[in-house]
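Visitor: I'm new to this one. Could you pick a single part, take me through it closely, and then show me how the rest is laid out around it?

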Amino acid sequence: MRVLVAEDERMLADSIAEGLRGEALAVDVAYDGDAALERLGVHDYDVLVLDRDLPGTHGDEVCRAVVERGRLVRVLMLTAAGDVRSRVAGLALGADDYLPKPFAFEELVARVHALGRRSRPADPPMLERAGVRLDWAHRQVFRDGRYVPLARKEFGVLAELLRARGAVVSAELLLEKVWDEHTDPFTNTVRTTMMKLRKKLGEPQVIVTVPGAGYRIP
């Protein structure tokens with residue numbers, strides 16, 4: 001899942017981003033409304049964590065633009081104003097959820113995950129294929145009953161492959177969904193992560209390379 005955090009308080013924005021990355025999410029950050037709109041025009045995000053009082057283009061206008069463009073991204077609006085009138089106004093703009101500041105980070109994570117599930121067809125609690133089982137709730141992976149410790153990016157790549165249900169997943173799509181905008185699209189990062197993932201999953205190999213197309217788990 002890919003998330004955009006649009007928040008002008010840099011320490012808060014960076015803290016949210018780092019915490020969400022710890023949840024195996026790909027996270028980009030924008031510190032003003034103009035930057036948020038620019039990134040939304042380039043990347044397909046699943047969730048937008050949006051500060052309502054952004055400098056530049058106001059958060060309300062960013063939310064309106066998302067709705068008018070027909071984007072599938074789900075919007076979690078953050079604001080220091082937590083009264084009922086403010087929450088109603090935020091939701092009326094097209095936000096999917098509303099969280100007043102200050103907030104508990106655990107609640108933010110739960111809401112982001114909930115919105116992410118709504119931005120795409122819901123995944124079952126367990127993804128299983130070819131003897132590989134991925135447990136979303138506990139962030140655990142097993143191969144034929146054997147626990148397989150994975151790094152965050154390895155977990156994200158495996159999740160996308162299992163979610164594809166046997167279809168081919170391109171390296172470009174993996175970069176879009178698992179990494180953030182600072183990753184050079186011409187690096188070997190996907191191939192390197194795939195090599196490490198295959199080694200950890202062990203023999204016989206379950207991830208097949210489809211030349212010129214990508215990867216799949218048959």
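Guide: Let's agree on one word before we start: two residues are in contact when they have heavy atoms within 4.5 Å of each other. Keep in mind, too, that this is a predicted model.

The part to zoom in on is Asp51. UniProt, in an unreviewed entry, lists Asp51 under "modified residue: 4-aspartylphosphate". You'll find Asp51 in strand 3, which covers residues 47-51. Is Asp51 buried or exposed? Its relative accessible area is 3%, so Asp51 counts as buried, given that the cut-off for buried is under 20%.

Now for the company Asp51 keeps. Leaving out residues up to four places away in sequence, Asp51 touches Ala6, Glu7, Asp8, Gly59, Leu78 and Lys101. Two of those names, Glu7 and Lys101, come up again right away, since their side chains form a salt bridge, 2.9 Å from N to O. Lys101 sits in the loop between strand 5 (97-100) and helix 5 (105-118), while Glu7 sits in the loop between strand 1 (2-6) and helix 1 (10-21), so this pair ties together parts that are 94 residues apart in sequence. Both Lys101 and Glu7 are buried.

Next door in the sequence is Arg52, and its side chain meets that of Asp60 in another salt bridge, 2.7 Å from N to O. Arg52 and Asp60 are both buried. Back to Asp51 for a moment: salt bridges with shared partners join Glu7, Glu9, Asp51 and Lys101 into one network. As for Asp60, you'll find it in helix 3, residues 59-68. Asp60 has 13% relative accessibility, so it falls in the buried class. Apart from residues up to four places away in sequence, Asp60 touches Arg52, Met77 and Leu93.

Follow the chain past helix 3 and you come to Arg71, in the loop between helix 3 and strand 4 (74-79). Arg71 is partly exposed, at 31% relative accessibility. Setting aside neighbours within four places in sequence, Arg71 is in contact with Leu40, Gly41, His43, Asp44 and Val66. Arg71 and Tyr45 are 26 residues apart in sequence, and their C-alpha atoms are 8.8 Å apart in space.

Val66 also belongs to a bigger group, but to place that group we need to start with another one. The largest nonpolar core has 25 residues, and Leu158 and Ile207 are the ones with the most contacts inside it. Strand 7, helix 6 (152-163), helix 7 (171-178) and helix 8 (189-201) each give two or more residues to this core. Helix 6 supplies the largest share, six residues. Apart from this core lies another, of 21 residues, and that's where Val66 comes in, along with Ala35, Leu50 and Leu54, among others. As for Ile207, beyond its neighbours within four places in sequence, it is in contact with Leu161, Met194, Leu197, Arg198, Leu201, Tyr215, Arg216 and Ile217.

Strand 7 has a second role, in an open sheet of four strands with the order 6-7-8-9 and antiparallel pairing. Strand 6 (126-129) and strand 9 (146-147) are the edges, each pairing on one side only. Strand 6 and strand 7 pair in the antiparallel sense over four bridges. For one example, Leu127 has Leu134 in strand 7 as its bridge partner.

One more salt bridge is worth finding: the side chains of Arg139 and Glu23 meet at 3.5 Å, N to O. Arg139 is in the loop between strand 7 (132-135) and strand 8 (140-143), and Glu23 is in the loop between helix 1 and strand 2 (26-30), so here the link spans 116 residues. Arg139 is partly exposed, with a relative accessible area of 28%, and Glu23 is partly exposed as well, at 26%.

Finally, step back to the chain as a whole. It has eight helices and 11 strands, and 46% of its 218 residues count as buried. The count of salt bridges comes to 14. Among contacts with a separation of 6 or more, 59% are between residues 24 or more positions apart. The chain exposes about 10,700 Å², with carbon and sulfur atoms supplying 54% of that area.

Technical notes
Residues numbered from 1 in each chain as written. Predicted model: local features only at pLDDT ≥ 70, side-chain atom pairs only at ≥ 80, totals over all residues. Heavy atoms only, no water. Buried < 20%, exposed > 50% of the residue type's maximum accessible area, 1.4 Å probe, protein only. Areas by Shrake-Rupley, 256 points an atom, 1.4 Å probe, with all protein chains shown as cover. Salt bridge = Lys/Arg side-chain N within 4 Å of Asp/Glu carboxyl O. Core = buried A, V, L, I, M, F, W, Y, C linked by side-chain atoms within 4.5 Å. UniProt positions renumbered as here; feature names shortened; annotations may be inferred. Pairing = 2+ DSSP bridges.
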